[in-house]
Amino acid sequence: MVFDDRPFTFDRVTRLALTAGLLWGIVTLLGYLSDVLAPFAVALVLAYLLNPLANLLERRLKNRTLAVIAALVAVVLAGAALFVLVVPMIVGEMTRMGRLLSDVMNNSDLARRAAERLPPDLWNAVKDLAARDDVRAWFAQNDVVGLVREAASRILPGVWGVISGTADVILGLAGVFVVGLYLVFLLLDYRKVRHWRDYVPERYRESAVGFVSDFEAYMNRYFRAQALLAAAVGVVCAVGFSLVGLPLAIVLGLFVGLLSMVPYLQLLSVPLAVMLGMVHCLETDMGFGTVLALIGLVYVVAQVVQDVFLGPRIMGKAMGLSPVLMLLSLSVWGKLLGFLGLLIALPMTCLCLAWYRRLVPAPVSAPAPEGEGPVSER
């Protein structure tokens, strides 16, 4: 163990230094190979999320290959249906936001109400933002293809520059095909991973099996379960904001769901929701207090759904990872390995936590002195 009373001899310090160097070398190698490993990491995450569905279908179809094919077909069809239903709504929201920006620039009734109600500095900042060419181009899209192209060019400018040519588009499609190929093989061989324990030396087998069991329990609770909770929060917020009538309601709801992968991080979306609520007030002449109350109600309902209804059933009674720890892990691994680091941040945090829990056992409470039993409750 590291945390014990043994003296730090030259041999022990050397071993610790070599271990630290080995770890640093592994991280450096992962960073160098991140472009190659990213497709495999994406496929591994997808396989981990889809494996329960494949197992469920396998029990019914009695064949793993058919179950994997059925699971992938079901997911593709569900994704296509979601794309057909949601993307046109998002396009409509973007068009609506584009009209609002145009009204602000054209001295319309909306512009006059904004000039009367907003502080001068804030109103000038809004006009400067609405006058920017990139902002107006972003909200000027009125079809799905234009929206995807504009989003790719704004969010991933370097990647978009690479895949903008015809030959590079083919390479991009080939990358998607590689991810799909990885995903199929991982799902087919997922059950075979259980035999890994047979390759561990017998003297280390019990400890290794216990460590992997702890890691799997952490992953089930903090990765797969948190993804389900985040998806539920995103749906609830998207529906709620749409009912309130906020501009970009679905985009904001999905953004809240994405932030919910780290507990309580969705609070960072509150200023954006307030700004969109202010736009909605100027557009409809509603009271700002009323809109704020409705926005707050949506957040409360989403939190109740997460913490009261779904959380206890999905996460169980065990406490989750600390939000600070999860946010720190995303920042550190993202800085070290980029996109690959963001993919493996939470699994690596669960792995380190499982290792730490086994390395440092829980403290044992001291026995009570003789003659002193537990105090009875009255």
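Colleague: Why is Phe 40 called partly exposed?

Modeller: In this predicted model, Phe 40 has a relative accessible area of 33%, and because buried means under 20% and exposed means over 50%, Phe 40 counts as partly exposed.

Colleague: What makes Phe 40 and Tyr 182 an aromatic pair, and why is the pair called edge-to-face?

Modeller: By the rule that yields two aromatic pairs here, ring centres must lie within 6.5 Å, and planes over 60 degrees apart count as edge-to-face. The rings of Phe 40 and Tyr 182 are 5.3 Å apart, centre to centre, with 85 degrees between the planes, so the pair meets both conditions. Phe 40 belongs to helix H2 (residues 34–61) and Tyr 182 to helix H9 (residues 166–188), so the pair ties together parts that are 142 residues apart in sequence.

Colleague: How do you know whether Tyr 182 is buried, exposed or partly exposed?

Modeller: The relative accessible area of Tyr 182 is 33%, and because partly exposed lies between the limits of 20% and 50%, Tyr 182 is partly exposed.

Colleague: What makes Phe 241 and Tyr 299 an edge-to-face pair?

Modeller: The centres of Phe 241 and Tyr 299 are 5.7 Å apart and their planes meet at 65 degrees, so the distance is within 6.5 Å and the angle is over 60. This pair also links distant parts of the chain, with Phe 241 in helix H10 (residues 202–244) and Tyr 299 in helix H13 (residues 288–314), 58 residues apart.

Colleague: How do you know whether Phe 241 and Tyr 299 are buried or exposed?

Modeller: Phe 241 has a relative accessible area of 0% and Tyr 299 one of 14%; because buried means under 20%, Phe 241 is buried, and Tyr 299 is buried as well. Phe 241 is also among the residues that touch the most other members of the largest nonpolar core, which has 29 residues.

Colleague: Why is Gln 266 called buried, and where is its place?

Modeller: Gln 266 sits in the loop between helix H11 (249–259) and helix H12 (270–284), and its relative accessible area is 4%, so it falls under 20% and is called buried. Among the residues that Gln 266 touches are Val 256, Tyr 299 and Gln 303.

Colleague: What makes the approach of Gln 266 to Gln 303 a polar contact?

Modeller: The side chains of Gln 266 and Gln 303 come to 3.2 Å, and because the cut-off is N or O atoms within 3.5 Å, one able to donate a hydrogen and the other to accept it, this counts as a polar contact.

Terms used:
Residues numbered from 1 in each chain as written. Predicted model: local features only at pLDDT ≥ 70, side-chain atom pairs only at ≥ 80, totals over all residues. Heavy atoms only, no water. Phe/Tyr/Trp six-rings, centres within 6.5 Å; stacked < 30°, edge-to-face > 60°. Helix = DSSP H or I, 4+ residues; strand = E, 2+ residues; numbered from the N terminus. Buried < 20%, exposed > 50% of the residue type's maximum accessible area, 1.4 Å probe, protein only. Contact = heavy atoms within 4.5 Å. Core = buried A, V, L, I, M, F, W, Y, C linked by side-chain atoms within 4.5 Å. Lists of a residue's contacts leave out its neighbours within four places in sequence.
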